[in-house]
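Please find below a colleague's note on the model, set out as numbered points. The note takes up strand pairing, backbone geometry and one feature of the surface.

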Amino acid sequence: MKKISSVWAFIVCLTTISFVSCSKNDPIPAPELVISTEQLVLSNDGETKSFHVRSNTSWQVSSNQTWCTLTPASGTSGTIKIDATVTKNEIAATRTAIITVTAGSLSKELTVTQDAGILLTVTQSEYAVDTGGDEIIVQVQSSGAYTVEIDGDWITTVTGSGTTSPKYKIDPNPGLLVRSGTITFSLSGVTKVVTVSQTGNALTIPDDNTGMASNAMTLSPKMKVGWNLGNTLEATGLTNGVYSASETMWGNPKASKTLIDAVKAAGFNTVRLPCAWSGYIEDETTYKIKDSWLARVKEVVDYCVENDMYVIVNIHWDGGWLEEHPLYSHQVEVNKKQKALWEQIAVAFRNYDEHLLFAGTNEVRANYNTPIAENIEVQQSYNQTFVTAVRSTGGKNTFRNLIVQGYNTNIDHTDNYMVMPADATSNRLMAEVHFYDPFDFALDGTSTKYLWGASFAGNVNASTWGQEAWVTQQFAKMKTKFVDQNIPIILGEYAAILRTSLTVAAFTNHVTARNNFLHYVTKAALDNGFVPVYWDAGATGNNSSGLFDRATGQQVHSDAIDAIVSALD
């Protein structure tokens, strides 16, 4: 009986609860709608932000702008998060959207504000300019102040930078090949790039003998005594395992007009500019030389020419790609590259008069031994490629005096093996040799042979060879083989290093011997119809050949300078 009573009591309880909950006398709850915010601010790049809706009945949400979407768009009673997503604002003005939430008879609104878009456009992204240069106007639309970066120093701003129509000047292209530069406009992370392409000059133009009256034998006496800007424009090497080139990487400062003016004032009227080119190639397919490097070499050439000096531009060591490979295995590729480089150099400098000379190579050699037939054949093909490439450009280059080198510029090898290349222009070639004999006196800083000349004959510190008679003998070979055949000799390098580490007494004798050497070699060169060009590598301390302070132009070793230039008297 007790169980039945318990069950009955439970049923009565349920009936009572049901009756209470369904009572018609209880009031129906009023609709409720609450939103967590009345405003959302979103970025111009587009993003998603959230707000919350609380309601005791079903609800819907909508946006009056298609660029603003909502998730979810509806729901039932409770509290729920709604994501408002806006697309990127592509206009340069703030924009708004109204979000409306309804629940039964209730309605709430919130405003979505999106920041103005970053506007940066150009109406034309590519410009083609003729060789002679021009001015271009770039139409720019922007929502703010933009910045400009120009890649190509031949493109310069004329007017209107930061405006809607900036103007840019495109300089004439002095080079042979097409060049390309860019103008980059930037605003708040948005960039627009305008590309400027400019055609190159014709490879060949009509012959022009203006300012080119002197043939080789007439010009060489005018060149008198020369000086090398050594270890500067030819400075190249590996930097962190990558081959590179820099005018200052071998320790010398950049060449200046002050320095060249000082060289001229000291009595030199010819400057040899050893140059590297391979480290300044921007396209390994065409071997295009960087415009900035051609412009820099031209700047230094102008320092000389404006001083009424003669200047020699060459392809120097340049990493050894040419100089160290007179080999059949390299002949085709080296000649291809050399041809491409010399065509560009020749075109870039084509308008200079006879004050500018080109020298094809430097000390081309397989090693320092006697060359084999292969070495001679290949090395002389490099000379021929040089001459042919320069002459092919026409203009003043048809008549320009060119300098070709003997094997390793060694006098004996030059005497024994050199054959001058064929040249379509008569009597405009010179031959180049170098002279550092005796080596133990001239260049070997570890040697005890620091004395030279008849006044020190028999001294233990004087070499037993390479004295005055040797100079006379060697130079006579070149006179007979070349000068007497109307081919002047450029003595492109000669020097004797200074040994400042010697004792006072030894140093005094050494300076005397060195100055005697410099004077004797210079005078012997002049007497044999050579153009002597002293090798100055920049440094002026121990075991160095420098004559001037490269930074200031001041004479550091005026005694050596006097020894050289006094040979002209």
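1. The model is a predicted one. Strand β12 and strand β16 (residues 167-170) run antiparallel and are joined by four bridges. Within this pairing, D134 has I170 of β16 opposite it.

2. These two strands belong to an open sheet of three strands, ordered β12-β16-β15 and paired antiparallel. The edges are formed by β12 (134-137) and β15 (155-159); each has a single partner strand, so one side of each lacks a neighbour in the sheet. On average, neighbouring strands here are turned by 30° against each other, direction ignored.

3. A further open sheet contains four strands in the order β1-β3-β7-β5, again with antiparallel pairing. Here β1 (33-35) and β5 (68-71) occupy the edges, and because each has a single partner strand, one side of each is left without a neighbour in the sheet. The average turn between neighbouring strands of this sheet is 25°, direction ignored. Strand β1 is connected to the antiparallel strand β3 (residues 48-55) by three bridges, and V34 has R54 as its bridge partner in β3.

4. Two cis peptide bonds deserve attention. As a general rule, most peptide bonds are trans. The bond from T71 to P72 is cis, with omega near -5°, and P72 is placed in the loop between β5 and β6 (74-75). The bond from D437 to P438 is likewise cis, with omega near -10°; P438 is found in the loop between β28 (429-435) and α8.

5. Positive phi values also call for comment, since most residues other than glycine have a negative phi. S188, which is not a glycine, has a positive phi of about 50°. This residue is located in the loop between β17 (179-187) and β18 (190-198). With a relative accessible area of 61%, S188 is exposed, because the cut-off for that class is over 50%.

6. D318 is another residue other than glycine with a positive phi, in this case near 55°. Its place is the loop between β25 (310-314) and α5 (328-348). Is D318 buried or exposed? D318 counts as buried, because its relative accessibility is 1% and the class comprises values under 20%.

7. On the surface, F439, L443 and W465 make a nonpolar patch of about 270 Å². F439 belongs to helix α8 (residues 439-442). The relative accessible area of F439 is 45%, so this residue is partly exposed.

Definitions and conventions. Residues are numbered from 1 along each chain as its sequence is written. This is a predicted model: local features need pLDDT of at least 70, side-chain atom pairs count only at pLDDT 80 or more; totals for chains, interfaces and linings use all residues. Side-chain values use heavy atoms; hydrogens and water are left out. Patches are made of residues with over 30% relative accessible area and no salt bridge: like charges are joined within 9 Å, nonpolar side chains (Val, Leu, Ile, Met, Phe, Trp, Tyr) within 5 Å. Accessible areas come from the Shrake-Rupley method with a 1.4 Å probe; for residues, only the protein chains shown count as cover. A salt bridge is a side-chain nitrogen of Lys or Arg within 4 Å of a carboxyl oxygen of Asp or Glu. Buried means under 20% relative accessible area, exposed over 50%, partly exposed in between (1.4 Å probe, protein chains only). Two strands pair if DSSP finds at least two bridges between them. Axes are lines fitted to C-alpha atoms, for helices over the stretch in contact, and angles run from 0 to 180 degrees between N-to-C directions.
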